[in-house]
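Q: Please take a close look at the central sheet of this model and at what is packed around it. I should like one connected account.

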Amino acid sequence: MTKSALIIGATGIVGNNLARHLIEKGFEVSGLARNPASDIAALRPIAANLLEPDSLAAALRDVKPTHVFFSTWSRQATEAENIRVNGAMVKNLLDALRPHQSVEHVALVTGLKHYLGPFEAYGKGVLPATPFREEQGRLDVDNFYYAQEDEVFAAAKTDGFSWSVHRPHTIIGYALGNAMNMGVTLAVYASICKATGRPFIFPGSPMQWNGLSDVTDARLLARHLEWASTTDAARNHDFNVVNGDVFRWSWMWQRIAAWFDIEPQPLPSETTPLEGQLADAGPIWAEIATKNSLAEADIGKLASAWHTDADLGRPIEVMTDMGKSRKLGFLDYQATDDSFTDLFTRLRDARIIP
């Protein structure tokens, strides 16, 4: 029997890569988003707003997925609002799918803010020791990730489907217009430095520069999502998901600079966030795009300086343990320097960067 997948957030960095992977694996794939335009021919687009239950139910009236992958969120001004809005999005979706009783598995993608806390309390207070392990559980703070999990758990108990929760670190992969896309942001920044002669300065903290870190390739995350949703031993578990290697940004910064043929700068004496470095970059990028016939001249649709600054500005060392997945049979590995250079090559081939 053909498996059918519904991806929530199909236009994002997770959803785009997941859709391609599942289609290759023989799934029938639908992608739900408010504006579900996609460059994936085999993907069935569904336009819907997760915060409008009636219209959502109408949009999903004929959709009977066996597997649901939830990989989106809506940023709000406070964590209380994040909890209210993002929890409702999960609940409304699962309520809309309930009449068909077709769902066998729901996979929820969250992230390391499960261990680090939400943006209002990011990296503050008493944090679990690194590498983060799933057994460390929740922090004693409000967190919309927890609210999303609780909605999945409640619906699973009612409807009888299995679930998995996936916690990637910073995700590296191809997607445009995504709020959390460090790889594309750094590609745009490096391209501006090359075109203007600006110094290529690491925008983060000394701890991130010198400490160990890891990231998650969106392609590996897609394979992990498929594995957990189709493997009996992985059902009803939470998982960290990272590439499987560790690195220091002091080393990775040199690798990124070498790909763009620019000179990496030493760590400055004061942190210099990208939001400040790119404050005047709009007209500069528009000129670069015109000169090189690039596909997107609006830097705001490519770079997410605020989120890259949040990741690279952490005052603590952050990395995760993949032992739980390994013990249950997921053995995939991805070299992180290749994650970046593969992405940069694809961006150049697609005329996103010069």
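A: The account below begins with the sheet and then turns to the helices, the cores and some local backbone features.

The model is predicted. Seven strands form an open sheet, and their order is β3-β2-β1-β4-β5-β6-β10, with parallel pairing. In general, strands of a sheet pair through backbone hydrogen bonds, either parallel or antiparallel. At the edges stand β3 (44-47) and β10 (237-241), each of which pairs on one side only. From one strand to the next the twist averages 20°.

Strand β1 (residues 4-8) deserves particular attention. This strand is mostly covered, and five of its five residues are buried. In a regular strand the side chains alternate between the two faces of the sheet. In β1, Ser 4, Leu 6 and Ile 8 point one way, while Ala 5 and Ile 7 point the other way, and all are buried. Strand β1 is joined to β2 (residues 28-33) by five bridges, and the two run parallel. Within this pairing, Ile 7 stands opposite Gly 31 of β2. Four bridges then join β2 to β3, again in a parallel arrangement, and here Ala 33 is opposite Ala 47 of β3.

Helices lie against this sheet. Helix α1 (residues 13-24) lies across β1, β2, β4 (67-70) and β5, and runs at about 170° to β1. Helix α8 (residues 218-230) also packs on the sheet: it touches β4, β5, β6 (162-168) and β10, and its direction makes about 165° with that of β10.

A residue of helix α5 may be considered next, namely Gln 148. Gln 148 counts as buried because its relative accessibility is 1%, under the 20% cut-off. Leaving out residues up to four places away in sequence, Gln 148 touches Phe 70, Thr 72, Asn 86, Val 90, Leu 108 and Thr 110.

The nonpolar interior can be described next. The largest nonpolar core has 43 residues, and those with the most contacts inside it are Ile 192, Phe 200, Trp 249, Ile 256, Trp 285 and Phe 340. Two or more residues each come from α6, α9 (249-260), α11, α12 and α14. Helix α6 gives the most, with nine residues. Another core, of 30 residues, lies apart from this one and includes Val 14, Leu 43, Leu 225 and Val 242.

Two of the helices that contribute to the largest core also pack on each other. Helix α6 (residues 182-196) and helix α14 (residues 336-349) meet at an angle of about 65°, their axes 10 Å apart. The crossing is right-handed. From α6 the contact takes Met 182, Gly 183, Val 184, Leu 186 and Ala 187, and from α14 Phe 340, Leu 343, Phe 344 and Leu 347. By class, eight of these residues are nonpolar, one is polar and none is charged. Beyond its neighbours within four places in sequence, Phe 340 is in contact with Ile 172, Met 182, Gly 183, Leu 186, Trp 249, Met 252 and Ile 256.

Finally, some loops carry backbone features to note. Most residues other than glycine have a negative phi, and most peptide bonds are trans. The Thr 130 to Pro 131 peptide bond is cis, with omega near 0°, and Pro 131 lies in the loop between α4 (113-116) and α5 (144-159). Gln 101 has a positive phi, near 50°, in the loop between α3 (79-97) and β5 (105-109). Ser 293 likewise has a positive phi, near 55°, in the loop between α11 (281-292) and α12 (305-312). Ser 293 is exposed, with a relative accessible area of 58%.

Note on methods: Residues numbered from 1 in each chain as written. Predicted model: local features only at pLDDT ≥ 70, side-chain atom pairs only at ≥ 80, totals over all residues. Heavy atoms only, no water. Axes fitted to C-alpha atoms, helices over the stretch in contact; angles between N-to-C directions. Left-handed = near helix turned anticlockwise from the far one by under 90°. Contact = heavy atoms within 4.5 Å. Nonpolar A, V, L, I, M, F, W, Y, C, P; charged D, E, K, R; others polar. Buried < 20%, exposed > 50% of the residue type's maximum accessible area, 1.4 Å probe, protein only. Core = buried A, V, L, I, M, F, W, Y, C linked by side-chain atoms within 4.5 Å. Pairing = 2+ DSSP bridges.
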